[in-house]
Amino acid sequence: SSDINAITVGSKEIVDQFPLCGQHAMYGLRTLHHLKYTARQQFTLFLKGIGLSLEDALTFWSGEFKSVSIDKFNKEYKYNIRHSYGLEGGRINYKPWDCRTILSKPRPQKGEYHGCPYRDLSSDSLARKLREMGLEEKDVQQILEISDKGDYTNACSRVLEVKTNGHVQEQVTHPNLYFDRMRQYTK
Ligand code: SF4
């Protein structure tokens, strides 16, 4: 959608509609002013999926990589972003990763922000993130229990249901599906 651009993509209004994996990647990016390879891939493709154009993606990413000079950005990172948009290498139009793909990658190590937070965060950190999303304590506890059982996408689906006041009851299989449903509900 055309209201997603280099400026708005990082706004609270838009980020609030990201699933937790997207919010977590944005948090990592804003904390480190950098993201490692797998998180860059996961997040670049997610943002492409929500409608961020290549031009806006390059503006957004170079702006967030504050510790990286424009020269270094152009040399080391621009190619990967263009590649994700299908403009380099094999020119494949890469699709945003679904939850299954995200869960099939190696788990994030310390300082890495890819993956699925319902699996990868400690209970304490996950609870804190859920409270920051505005969830009430009973919902937080229920979602921690679901995550503990290993039902990560069910935990995410339950968050979507709570965030839409019960209106969206759908199995989350893809971060971009979560975003689309949140947007439809919010509009
Ligand atoms: Fe992201 Fe899927 Fe995990 Fe939800 S279940 S946080 S959409 S990877």
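This report walks through the salt bridges, the ligand site and the aromatic pairs of a predicted model.

## Salt bridges: a pair within one helix

Side chains of opposite charge can pair when their charged atoms come close. In this structure, the count comes to 12 salt bridges.

A good place to begin is helix 5, which spans residues 70–84. Here lysine 72 forms a salt bridge with glutamate 76, and their closest N and O atoms are 3.5 Å apart. The two residues are 4 positions apart in the sequence, about one turn of the helix. Lysine 72 is partly exposed, with a relative accessible area of 35%. Glutamate 76 is partly exposed too, at 43%.

## Salt bridges: pairs that link separate parts

Next come aspartate 139 and arginine 158, whose side chains meet in a salt bridge with an N to O distance of 3.4 Å. Aspartate 139 belongs to helix 9 (residues 137–148) and arginine 158 to helix 10 (residues 152–163), so this pair ties together parts that are 19 residues apart in sequence. Is aspartate 139 buried or exposed? Its relative accessible area is 7%, so aspartate 139 is buried, because the cut-off for buried is under 20%. Arginine 158, at 22%, counts as partly exposed. Both residues also take part in a network of salt bridges that links Glu136, Lys138, Asp139, Arg158 and Glu161.

Arginine 181 and glutamate 170 make another salt bridge, with 2.6 Å from N to O. This pair links distant parts of the chain, 11 residues apart: arginine 181 is in helix 11 (residues 175–186), while glutamate 170 is in the loop between helix 10 and helix 11. Arginine 181 is partly exposed at 21% relative accessibility, and glutamate 170 is partly exposed at 29%.

## Around the ligand

Where does the ligand sit? The space it takes is the largest cavity. Which residues surround the ligand? They are Pro19, Cys21, Cys99, Ile102, Cys116, Pro117, Tyr118, Thr153, Cys156, Val172 and Pro175.

Three helices each supply at least two residues of this shell: helix 6 (99–104), helix 7 (117–120) and helix 10. Sorted by class, the shell has 10 nonpolar residues, 1 polar residue and no charged residues.

## Aromatic pairs

Now to the rings. A pair of aromatic rings is described by the distance of the centres and the angle of the planes. Across the whole structure, a search finds 12 aromatic pairs. In one of them, phenylalanine 60 and tryptophan 61 have ring centres 5.9 Å apart and planes at 75°, so the pair is edge-to-face. Phenylalanine 60 is buried, with a relative accessibility of 3%. Tryptophan 61 is buried as well, at 1%.

Tryptophan 61 also forms an edge-to-face pair with phenylalanine 65, at 5.8 Å centre to centre and with 75° between the planes. Phenylalanine 65 has 1% relative accessibility and counts as buried. These residues belong to a wider group: ring pairs link Phe18, Phe43, Phe46, Phe60, Trp61, Phe65, Phe73, Tyr77 and Phe179 into a cluster.

Definitions and conventions: Residues numbered from 1 in each chain as written. Predicted model: local features only at pLDDT ≥ 70, side-chain atom pairs only at ≥ 80, totals over all residues. Heavy atoms only, no water. Salt bridge = Lys/Arg side-chain N within 4 Å of Asp/Glu carboxyl O. Buried < 20%, exposed > 50% of the residue type's maximum accessible area, 1.4 Å probe, protein only. Near = heavy atom within 4 Å. 1 Å grid on protein atoms, 1.4 Å probe; cavity = no way out; pocket = protein on both sides within 12 Å on 5 of 7 lines; lining within 4 Å. Sits in = over half its atoms within 2 Å of the grid points. Nonpolar A, V, L, I, M, F, W, Y, C, P; charged D, E, K, R; others polar. Phe/Tyr/Trp six-rings, centres within 6.5 Å; stacked < 30°, edge-to-face > 60°.
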